[in-house]
Amino acid sequence: QVQLVESGGGLVQAGGSLRLSCAAPRSIFSANRMGWYRRAPGKQRELVAVFTSGSNTNYADSVKGRFTISRDNAKNTVYLQMYSLKPEDTAVYYCNARATTGMGVILRDYWGQGTQVTVSS
């Protein structure tokens with residue numbers, strides 16, 4: 001069983017900040033696209049932020065300018081720094097490692113257990 005280990009979730013007031021971390025085995029971290037997704041209550045899972053290729057990134061429109069994805073290759077860890085949190089950011093956040101073909105077919109897809117982020121108003 002592949003282990004993506006997330007940490008850093010919690011309860012924060014609106015306007016506050018949190019940093020999520022996701023540690024992965026080196027073989028997974030170096031060979032797959034790393035990213036973050038979230039699932040809010042009653043909603044489908046959605047992309048939050050992802051490394052698309054190399055150091056290029058992509059963000060959901062709702063978090064642009066507030067969230068930053070980063071990585072530490074020496075620690076095989078990806079981070080999600082979240083600023084100016086809003087109640088609508090409340091969700092379970094999942095770390096993801098994925099490999100796809102050039103046509104978008106998923107070859108490998110690994111998920112963490114999720115970490116709860118709750119933003120109070």
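This tour moves from the whole chain to its core and then to two single residues.

**The whole chain**

Begin with the entire protein on display, and keep in mind that this is a predicted model. Colour it by secondary structure and you should find 1 helix and 11 strands, which follow one another along the sequence in the pattern β-β-β-α-β-β-β-β-β-β-β-β. If you show the C-alpha atoms alone, they fill a box of roughly 40 × 30 × 25 Å along the principal axes. The radius of gyration is 14 Å, which agrees with the value near 14 Å that a compact globule of 121 residues would have.

Next, turn on the surface, where the protein exposes about 6,500 Å², with carbon and sulfur atoms supplying 48% of that area. Selecting the charged side chains brings up 14 positive and 7 negative ones, and the centres of these two sets lie 4 Å apart.

**The core**

Now hide the surface and look inside, since buried residues make up 42% of the 121 residues. In soluble globular proteins, nonpolar side chains tend to be buried together. Here the largest nonpolar core has 29 residues, and you can select W36, V78, L80, M82 and Y93 to see those with the most contacts inside it. Among the elements that give two or more residues to this core are helix 1 (26-29), strand 4 (33-39) and strand 8 (77-82), while the largest share, 4 residues, comes from strand 9.

Stay with V78 and show what surrounds this residue: leaving out residues up to four places away in sequence, V78 touches eleven partners that include L20, C22, W36, I69, S70 and C95.

**From V78 to S70**

Select S70 next, which lies in strand 7. Is S70 buried, partly exposed or exposed? S70 is partly exposed, because its relative accessible area is 31%, a value that falls between the 20% and 50% cut-offs. Beyond its neighbours within four places in sequence, S70 is in contact with F51, T77, V78 and Y79. You can also draw a distance from S70 to A49, 21 residues apart along the chain, whose C-alpha atoms are separated by 9.6 Å.

**Out to M103**

Finally, select M103, found in the loop between strand 9 and strand 10 (106-111). M103 counts as exposed because its relative accessible area is 77%, and exposed means over 50%. A line drawn between the C-alpha atoms of M103 and V117, 14 residues apart along the chain, spans 33 Å.

Terms used. Residues numbered from 1 in each chain as written. Predicted model: local features only at pLDDT ≥ 70, side-chain atom pairs only at ≥ 80, totals over all residues. Heavy atoms only, no water. Core = buried A, V, L, I, M, F, W, Y, C linked by side-chain atoms within 4.5 Å. Buried < 20%, exposed > 50% of the residue type's maximum accessible area, 1.4 Å probe, protein only. Contact = heavy atoms within 4.5 Å. Rg over C-alpha atoms; globule rule 2.2 N^0.38 Å. Areas by Shrake-Rupley, 256 points an atom, 1.4 Å probe, with all protein chains shown as cover. Lys, Arg positive; Asp, Glu negative; His and termini not counted. Charge placed at Lys NZ, Arg CZ, Asp CG, Glu CD.
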